[in-house]
Amino acid sequence: ADDDAPVGPAFWFAQPEYHWCCAVYMFTRLLSNLSLTYLAFFVRDALSLPTSALSTVPATLYLASFGATFVQPGLARRLSRAAVYSLGAIACAAACAGCMALPAAPDALVWAVYPLVVVLGWGSTTCMVTSVSSQADLIGARVSSGAFVYGSMSLLDKLSNGVAIFAIQAHRQALAEDAQRDFTRLVLVVGCGGSAVLGAACCWPLLHHRRLAHPRSRRPSHG
């Protein structure tokens, strides 16, 4: 049978691995987008850091994310997708919990946010790279139907992120100013940290799918 024979949406909807990959990607994008969106609110409102931190904190996040790409190949060679994703999720959850504990703004604690942001950047990029790699593993040789897989997961990502941010902002704007500061912390812990944990939980059912569990162990097929 031709592995790249055209298959339609009905084929993918019948595959449990497709739904688990959709969930992993959705939670990963929630983690990434919520952290990028609300980190500035956290720095400005919750921590009351100097204005310069609005540029230096995101820059630190991006540098940590870039650095994670150099570590990822080594992890992927030694561990399963689920294990690598879980390491990233643990890092993100720990960083978000640390953000919850940071007090607002004595100058002596201004620096404390940066190690947490480094851990968050490393963890979120590790989760994202692993999630996208799992999509490629799922498609495998069926490249002719890859557009549907990537497109449908991207649609789910956009819808879920739009609904989540709309709901968060609607609730945030209804709060008093002091309550908004605490709510921003809660978004990082529950929204970002929770998304990381849920994404990791959705990775583990994929272990029985050979390509998704250990893609490095694939062997070429012969005639």
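Let me start with Phe 42, which, once its neighbours within four places in sequence are set aside, is in contact with Leu 47, Cys 99, Leu 102, Val 113, Thr 184, Arg 185 and Leu 188. Please keep in mind throughout that what we are looking at is a predicted model.

Phe 42 is also among the residues with the most contacts inside the largest nonpolar core, a set of 41 residues in which Leu 49, Val 57, Tyr 85, Leu 102 and Val 113 are named alongside it. Helices H2, H3, H4, H5 and H7 each supply at least two residues of this core, and H2, with twelve residues, gives the most. There is a second, separate core of eleven residues, and among its members are Tyr 18, Tyr 25, Met 128 and Val 149. As a general point, nonpolar side chains in soluble globular proteins tend to be buried together.

Stepping back to the whole chain, the protein has eight helices and zero strands. Of its 223 residues, 46% count as buried, and among the contacts between residues at least 6 apart in sequence, 83% join residues at least 24 apart. The protein exposes about 10800 Å², of which carbon and sulfur atoms supply 68%. Part of the nonpolar surface is a patch formed by Phe 66, Phe 70 and Val 71, which together have about 340 Å² of accessible area; Val 71, for its part, lies in helix H3 and is partly exposed, with a relative accessible area of 38%.

Now to the charged pairs, since the structure holds seven salt bridges, and I will take three of them in turn. The side chains of Arg 29 and Asp 157 meet at 3.5 Å, N to O, and this pair links distant parts of the chain, with Arg 29 in helix H2 and Asp 157 in helix H6, 128 residues apart. Which of these residues is buried, and which is partly exposed? Asp 157 counts as buried because its relative accessible area is 1%, whereas Arg 29, at 23%, is partly exposed. Arg 29 and Asp 157 are also linked with Lys 158 in a network of salt bridges.

The next pair is Arg 81 and Asp 137, whose side chains meet at 2.7 Å, N to O. Arg 81 sits in helix H4 and Asp 137 in helix H5, 56 residues apart, and both residues are buried. While we are at H5, this helix has 27 residues and reaches 39 Å from its first C-alpha to its last, close to the 39 Å expected at 1.5 Å a residue, and just after H5, Gly 140 takes a positive phi of about 55 degrees.

The third pair, Arg 181 and Asp 178, meets at 2.5 Å, N to O, and here both residues lie in helix H7, three residues apart, or about one turn of the helix. Residues three or four places apart in an α-helix point the same way, because the helix has 3.6 residues a turn. Asp 178 is exposed, with a relative accessible area of 54%, while Arg 181 is partly exposed at 27%.

Let me stay with H7 for one last residue, Ser 195, which lies in that helix. Is Ser 195 buried or exposed? Its relative accessibility is 6%, so Ser 195 counts as buried, and, leaving aside neighbours within four places in sequence, Ser 195 is in contact with Phe 27, Leu 30, Leu 31 and Val 190.

Technical notes
Residues numbered from 1 in each chain as written. Predicted model: local features only at pLDDT ≥ 70, side-chain atom pairs only at ≥ 80, totals over all residues. Heavy atoms only, no water. Helix = DSSP H or I, 4+ residues; strand = E, 2+ residues; numbered from the N terminus. Buried < 20%, exposed > 50% of the residue type's maximum accessible area, 1.4 Å probe, protein only. Contact = heavy atoms within 4.5 Å. Core = buried A, V, L, I, M, F, W, Y, C linked by side-chain atoms within 4.5 Å. Patch = residues over 30% accessible without salt bridge, like charges linked within 9 Å, V, L, I, M, F, W, Y side chains within 5 Å. Areas by Shrake-Rupley, 256 points an atom, 1.4 Å probe, with all protein chains shown as cover. Salt bridge = Lys/Arg side-chain N within 4 Å of Asp/Glu carboxyl O. Expected span 1.5 Å × (residues − 1).
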